[in-house]
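Take a look at the protein shown here. Keep the sequence beside the 3D view as you read.

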Amino acid sequence: MASITFSATSANSFFLPTASVSDYSNQYIRDGFNPLKKNLSDTRKKHNGRGLASTNVASPPLPAVAPLLPRRESSNSGDLSHVAWTSVRQERWEGELLVQGEIPLWLKGTYLRNGPGLWHIGDYNFRHLFDGYAMLVKLQFEDGRLIAGHRQIESEAYKAAMKTQKLCYREFSEVPKADNFLSYIGELANLFSGASLTDNANTGVVMLADGRVVCLTETQKGSIVIDPTTLDTLGKFEYSDTLGGLIHSAHPIVTETEFLSLLPDLINPGYLAVRMEPGTNERKVIGRVDCSRGPAPGWVHSFPVTEHYIIVPEMPLRYCAGNLLKAEPTPLYKFEWHPESKAFMHVMCKASGNIVASVEVPLYITFHFINAYEEKDEDGRVTAVIADCCEHNADTTILDKLRIHNLRSYIGQDVLPDARVGRFRIPFDGSAYGKLEAALDPNEHGRGLDMCSINPAYLGKQYRYAYACGAQRPCNFPNTLTKIDLVNKKAKNWHDEGAVPSEPFFVARPGATEEDDGVVISMVSGKNGDGYALLLDGSTFQEIARAKFPYGLPYGLHGCWVPSK
């Protein structure tokens with residue numbers, strides 16, 4: 001591989017010498033676990049011999065936390081040894097962490113990460129990564145110190161499951177078991193009304209321009225407001241408009257001036273592009289895109305924008321009403337693969353809602369778009385839009401690889417489907433066809449790619465760097481962090497043998513003038529049941545700090561940054 005690899009097991013890495021999790025197992029229930037409570041007040045700022053300071057800080061006693069969650073995941077599900085795919089051991093925890101290395105003093109705020117944290121109810125194990133009940137994790141940075149915590153999001157789906165010890169709402173691959181035929185008919189009626197769809201907001205978290213923090217998933221009812229400091233669930237985010245619909249993109253575009261989202265129309269196949277002004281709950285329609293082909297709109301988990309345009313993807317992986325009605329999951333869950341319907345990219349003007357380009361492109365599969373920008377001629381006229389995504393080579397098996405059983409039963413084979421930075425070029429000259437090519441050699445990032453972030457100042461603009469999860473093979477899931485240089489077409493990769501890192505999130509240094517001047521934050525699930533928060537230098541991609549959690553946390557999905565007030 002041509003990329004530079006910084007291994008977490010190298011001499012430049014930092015390991016936190018703390019006691020094992022088992023040493024403190026009883027203390028989890030008593031006071032939420034705090035390994036720093038004893039005799040550490042005199043160990044502040046001891047040097048570690050590498051020229052970096054280890055900041056050791058003591059925390060006051062914490063209030064009692066919730067009891068341990070029941071851990072009854074069946075051994076029939078495969079190897080449960082990796083903490084990334086194991087339900088979190090307790091509902092909530094908070095404490096200050098021992099930092100190895102140095103956290104930049106300018107880093108002031110809270111990184112929030114959302115994702116599934118509980119994959120079972122009683123003796124019943126969920127099927128898919130995306131089914132798990134949402135768990136929010138925080139990393140709160142202030143003056144070189146780090147306070148961490150996690151808590152389950154108290155959705156109606158989660159609360160009902162905890163009360164009844166059974167599934168009560170439809171999750172990504174799960175359907176509540178009907179007691180009889182009449183209850184099955186009633187459940188179908190609730191599906192059409194949306195009453196049986198989950199509000200399990202386990203996918204993303206965003207901070208709106210007015211300061212509210214909202215956790216999100218694919219269902220509109222799964223929009224939940226939380227407190228970013230306490231992680232308390234504050235209530236539903238209720239849209240005040242009459243647009244209706246049951247689903248939306250799980251990844252809206254959120255800036256200081258607006259909130260943009262796409263609403264798939266399953267009845268008259270197409271998409272509504274909507275805008276919500278800061279301080280309101282009312283979405284207003286910008287425009288509509290009718291699907292070019294196919295029986296239903298393509299899955300639209302995310303979408304990109306430029307300064308003046310919204311890019312609406314139309315994948316041949318399309319929503320399927322028939323699959324929604326089935327009591328057991330199909331191979332593609334809520335979707336069907338329709339290669340005969342072809343694939344398209346549409347470009348809508350933000351100001352007018354007019355469609356300025358619709359082109360057919362090669363077949364593709366993507367969960368996550370990275371960024372997009374406008375290509376201009378020497379007179380400043382837009383000639384094309386460039387849109388980048390984590391593209392899985394039109395391989396639908398990626399969905400099935402994310403079944404919990406498959407993730408837990410890994411035995412060392414190289415089964416992760418290939419992925420690349422897929423770069424679309426959508427011309428504005430009236431052409432019927434666009435291009436889709438790899439933006440760089442996929443071997444630079446191990447032919448694995450997902451869970452991406454950029455410097456938010458470059459959203460919708462021409463940019464150079466992207467951060468994502470890549471692969472060091474053999475593997476069954478992305479297991480590295482990668483910094484991609486789209487100009488030099490190279491990548492730098494970070495890897496910790498046997499560990500599973502989550503989304504690398506870039507936070508720019510205040511006043512920075514270089515695109516990669518900042519830090520990259522990730523949370524890592526370790527191979528021995530442990531886990532840690534990780535900070536990398538955004539430019540060199542070298543590790544600058546880590547802080548070990550009291551116990552390993554499950555793999556998480558997406559996060560946001562909440563700056564200190």
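This report goes from the whole chain to its cores, strands, rings and a few unusual residues.

**Overview**

This is a predicted model. The protein has 565 residues, and 58% of them count as buried. It holds six helices and 37 strands. Take the contacts with a separation of 6 or more: residues 24 or more positions apart account for 64% of them.

**The nonpolar cores**

In soluble globular proteins, nonpolar side chains tend to be buried together. Here, the largest nonpolar core has 82 residues. Y133, I310, M345, L399 and F424 touch the most other members. Strand β22, residues 343-349, gives the most to this core, with five residues. A second, separate core has 27 residues, including M135, V137, A547 and W561.

What does I310 touch, leaving aside its neighbours within four places in sequence? Its contacts include L260, L262, A273 and I286. F303, P304 and V305 are also among them. So are H346, V347, M348 and K350.

K350 deserves its own look. This lysine lies in the loop between β22 and β23 (355-361). Is K350 buried or exposed? Its relative accessible area is 13%, so K350 is buried, as the cut-off is under 20%. Residues up to four places away in sequence are not counted in its contacts. Among the residues K350 touches are E258, E307, R275 and H308. I310 is another one of them.

**Strand β10 and its partners**

Strand β10 covers residues 145-152. Six of its eight residues are buried, so the strand is mostly covered. Which strands pair with β10 in the antiparallel sense? One is β4, residues 92-96, over five bridges. Another is β9, residues 133-142, over eight bridges.

Find A148 in β10. G95 stands opposite A148. L139 also has A148 as its bridge partner.

β9 and β10 form a hairpin with two residues between them. D143 sits in the turn. This residue is not a glycine, yet its phi is positive, at about 55 degrees. D143 is partly exposed, with a relative accessible area of 47%.

**An open sheet of four strands**

Now move to the sheet with the order β11-β12-β13-β14. The sheet is open, and its pairing is antiparallel. Its edge strands are β11 (204-207) and β14 (233-236), and each pairs on one side only. From one strand to the next, the twist averages 30 degrees.

Three bridges join β13, residues 224-226, to β14. I224 stands opposite K236 in β14. The loop between β13 and β14 holds L231. L231 has a positive phi near 70 degrees and is a residue other than glycine. It is buried, with a relative accessible area of 4%.

**Aromatic rings**

A pair of aromatic rings is described by the distance of the centres and the angle of the planes. The structure holds 22 aromatic pairs. Two of them are set out below.

| Ring pair | Distance of centres | Angle of planes | Type |
|---|---|---|---|
| F130 and F367 | 6.3 Å | 70 degrees | edge-to-face |
| F237 and Y239 | 5.1 Å | 70 degrees | edge-to-face |

Why do F130 and F367 count as edge-to-face? Their planes stand at 70 degrees, and the cut-off for this type is over 60, so the pair qualifies. The pair links distant parts of the chain: F130 and F367 are 237 residues apart. F130 is in the loop between β8 (124-125) and β9, while F367 is in strand β24 (residues 366-376). Both residues are buried.

F130 and F367 also belong to a cluster linked by ring pairs. Its other members are F172, W299, Y319, Y333 and F335. The charged end of K334 sits over the ring of F172, 5.6 Å from its centre.

F237 and Y239 are buried too. R283 lies over the face of Y239, at 4.0 Å from the ring centre.

**A cis peptide bond**

Where is the cis peptide bond that ends at P474? It runs from R473 to P474, with omega near 5 degrees. P474 is in the loop between β29 (465-470) and β30 (480-485).

Terms used: Residues numbered from 1 in each chain as written. Predicted model: local features only at pLDDT ≥ 70, side-chain atom pairs only at ≥ 80, totals over all residues. Heavy atoms only, no water. Core = buried A, V, L, I, M, F, W, Y, C linked by side-chain atoms within 4.5 Å. Buried < 20%, exposed > 50% of the residue type's maximum accessible area, 1.4 Å probe, protein only. Contact = heavy atoms within 4.5 Å. Pairing = 2+ DSSP bridges. Axes fitted to C-alpha atoms, helices over the stretch in contact; angles between N-to-C directions. Phe/Tyr/Trp six-rings, centres within 6.5 Å; stacked < 30°, edge-to-face > 60°. Lys NZ or Arg CZ within 6 Å of the ring centre and 35° of its normal.
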